[in-house]
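Dear colleague,

Please find the sequence and structure below. A short account of the findings follows.

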Amino acid sequence: MNTLSLRDTRVLLLGSADQDYRARAMAYLQAAGCQGSVIDGVTEGQLLAALKQALDQVDSPFVVLARDSDFLLIDALQQAQDWLHAHPQVMGVQGYALGMQPGNSTVSYYRLGRTAHQVLPGGLRDRVQQYGISGLQPWRAVLRVEALRSALDDAARQMADQDWLLGLSFALLCQGDIKVLEQTQVVSECVELAVEADAMLPAIRTLRQWDEQQAGDFAGEEGFAILRQFALSLGAPDPAPLLFVSPWASVVNEPERSFEARQYVELPYYNAALFRQLSALEFLQHAWPAGQAHVRALEGAWVRQRDLLQQHANDNVKTLRTRYWQALSVNLFAPQICSLLLATLADDEDDARHELQAWIERLQQAGAPPVAERLAHTPSGRVLQALAQATLDDAGRQRVRKHLKAGRRSSMALLVIDLADDDEALQRTFDSVVASGLSDLRIVVLKAGQLPAITTVRDTLHFIKVMPDTLVSHLNQVVRQLPSDWLMLLQAGDELAGSGLLRLQVELAQAGQCTAVCGNEVQRDVEGRLIAIQRPGADVDLLRSRPDLMAQHWLLRREVLLDVGGYSDACRQALEFDLLLRVIEARGLGGLAHVDEYLVVGQIDREAMQPGVLATLDRHLGVLGYQAQVVPGREGRLDIEFRHAATPMVSILLSASGDMQQLGASLASIQQRTRYPRYEVLVVGEDEQLQQANLGGRVRVVCCPSQVQSERFNQAAGQARGEYLVLMSDRSLVANPGWIEALLNQAQRPEVGVVGCQMYGADGSISHAGYELLEDRQVHASWLGVAGRASADVLALEVVRASHAVSADGLMVRKEVFEALGGLPQGGTPDIELCLQVSQAGLLVLVAPQAQLFNGGVPVLTPPVREALVARAPWAFARALAVDGAYGIGEQPGEAGPRWLRELG
């Protein structure tokens, strides 16, 4: 056996922003007796500079580069080092890469590259072609330090910073051959590469120019094709085929691997020595997860384990042991859970004790940070923190109970549906109710299967045996029998969140006009991750567009539910959505309310809801008199085309700033991108240049000597021929052809007064999506700066929704409404004040995201202008967030501390 050690090879890890990657990688190398350093750099250029500096300090003959997410196989490094010692004329040696993607207690492995051709005598062209075919990456080779230093210098002179690894690979092949050994050298994490083939073209051209400065090996179309294949194999490789999956399901046994039907036996992946190394790497990855993708895969499991570790007043050793076993089955690699379980094992369970103790010692040797710390930095962890902050302590709950006992309070009932006969889920709901501190509360469980007790409707906890086809009739019967003022529908497993319902008990006693209340909620996705749903008010348009996020867990007044006929047996898949629509049909919007508190943690089955949602929405729109079409969109979104019969004339009132180039661009965007046929443009401004400019056949000029925005628009409106007015500044450019149709789709509804456009900056981020008037006398620009591509992840940003106000840089108003209100008000915020007047008149102010404009930046309100607005309309800031004419309850998002508790009494 060769006695050389790996002290002759230095590992240089290309650092990423993830500190866990580097810490784990360094711990792995140190345990293997390998010398390693992390090369840091925020940009690729900085990383390259840091690598050059590190090379100057390397005192070993050989060096190998790796990403900090990689695992270099020690046996393969030893073989490469031995080869370089035995063949001093060889510049470098490399093996193959195996791709992997870790998940929750499992690792999936992928083929990376193909079999390399045998090295034949030839020049650079042959070497590059061979690497392009095989997909191997020369920069991953174990190299002589001098060769790497020289290649880095060449690459830095020729390639842009972001392409330096491609340039380094090309430079290495320019120096000579790299020996390929038939072994797996690195296990590399597979990530979804955002690089497209077209994005590699500049780098390919640079390689071509580089070659032209030398021997010109890649001249002609064939040479360009070889360079292209080489560049794409490194920078934008094809999706890697899945080879096998390795789940780890036991604290005693090694993982059991499951292989795909097609394998690639010509690659050096299939030998016992490699699989032994993979088992060790898998353990380290599971015990010490790193990287965004792996943490996201574990996030739901960590949440579930946290829930199972919560102790309840009725717990004993047996119930705790059962839950600890459940938590361990969710993820084995949790030393805290193992220790808790170990403490509950009985004296006669010696085998289990020894196995758990050995497993704990193995996990502790990995040295990973505690799971609780990792969970805290995930989106679910932030949701849990928000819930904790919204939960009153014992003293706070006692104060609320004292307040409720001293005065009038509203009684509540929770109707819990358990058609799956899931006692475990039902217990989670019960535990959350006990922790909530609610008083004067009844719980009715409509349950399939055997009932745990015989009860009556007079009992605080009442069980009713149901079947799926009898559920609705039993629901309506119990609603008629209950004495409670307010009702909420839950599914078994739903949990009360924070102290939201406790707060509602305080406030509902004074909410005589309120008929239904929604709050914020938390939803679990299919993998158990927590998603915070910040509902922006009791918004009927948002309710119709996103019933999956808006229709659940409303608190309804019992008498209102009875007045509309109770729950409908014709809509079992969407009981609450159907009921809310019928309440709106019967009573309008005035009694809908929103509280800015988390009320429930639940899980929504969007696919199961969809048939019922579509059926009841069609019925609802028919009741309102529309022959509408509902179009399902992505992620549960529903787009409603109201199909109005009329195609009214639209007058676009375009306010000119005096910048003729800017005005020309705005006009051109209107004329070139507007599909709607019946419109006119009135350009209004004070500049005499407008009279002389040729602005187009559909354009009329309205000369107004005033620079006051309201006077300009009012004068132009008086000359407009259209039934609908679009107020627009020349800062705005039309972005999509259907923008007027999108505005009219909403503005022609009789209950709508103003519809605003959604505006984007040059970088694609939101520049205007409506205003919110907050209780602290602030005017908040909704979603300002949010990336447009993030719209699918932001509730309401992709769908029609209510708003307090929208900008005159792009809004539509019915002309008769505009004239009835006396036009735009005077002052520094005429658009906002127009919207407030529209709301006072009982009409809706909406934002239509399908009507899109480019706008570099809607002017921000200065403090003096905002204070003047507050002085003129103090009532608009005194209310809480209340849209659609809703009755408002609650504080604004982000307000610190439970102010409502401080104001009790």
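**Strand 22 and its neighbours**

In this predicted model, strand 22 is covered on both of its faces. Val650, Ile652 and Leu654 lie on one side, Ser651, Leu653 and Ser655 on the other, and all of them are buried. In a regular strand, side chains alternate between the two faces of the sheet. Strand 22 spans residues 650-655, and six of its six residues are buried.

Two strands pair with strand 22. Strand 23 (residues 679-685) runs parallel to strand 22 and is joined to it by six bridges; within that pairing, valine 650 has tyrosine 679 as its bridge partner. Between these two strands the chain passes through helix 25 (residues 660-673), forming a right-handed β-α-β crossover. Strand 25 (residues 724-729) also pairs with strand 22 in the parallel sense, over six bridges. Here the bridge partner of isoleucine 652 is valine 726.

**Isoleucine 204**

Isoleucine 204 belongs to helix 7 (residues 201-212). Its relative accessible area is 0%, so isoleucine 204 counts as buried. Leaving aside residues up to four places away in sequence, isoleucine 204 touches Phe224, Leu227, Arg228 and Ala231. Alanine 231 is 27 residues away along the chain, and its C-alpha atom is separated from that of isoleucine 204 by 6.5 Å.

**Confidence**

The protein chain has an average pLDDT of 89, and 93% of the residues score at least 70. Confidence is highest in helix 28 (residues 739-747), with a mean of 98, and lowest in strand 34 (residues 887-888), with a mean of 32. The pLDDT is below 50 over residues 879-898, a stretch that has 73 contacts in the model beyond near neighbours in sequence.

With kind regards

Technical notes
Residues numbered from 1 in each chain as written. Predicted model: local features only at pLDDT ≥ 70, side-chain atom pairs only at ≥ 80, totals over all residues. Heavy atoms only, no water. Helix = DSSP H or I, 4+ residues; strand = E, 2+ residues; numbered from the N terminus. Buried < 20%, exposed > 50% of the residue type's maximum accessible area, 1.4 Å probe, protein only. Contact = heavy atoms within 4.5 Å. pLDDT = per-residue confidence, 0-100. Pairing = 2+ DSSP bridges. Right-handed = clockwise from strand over helix to strand, strands pointing away.
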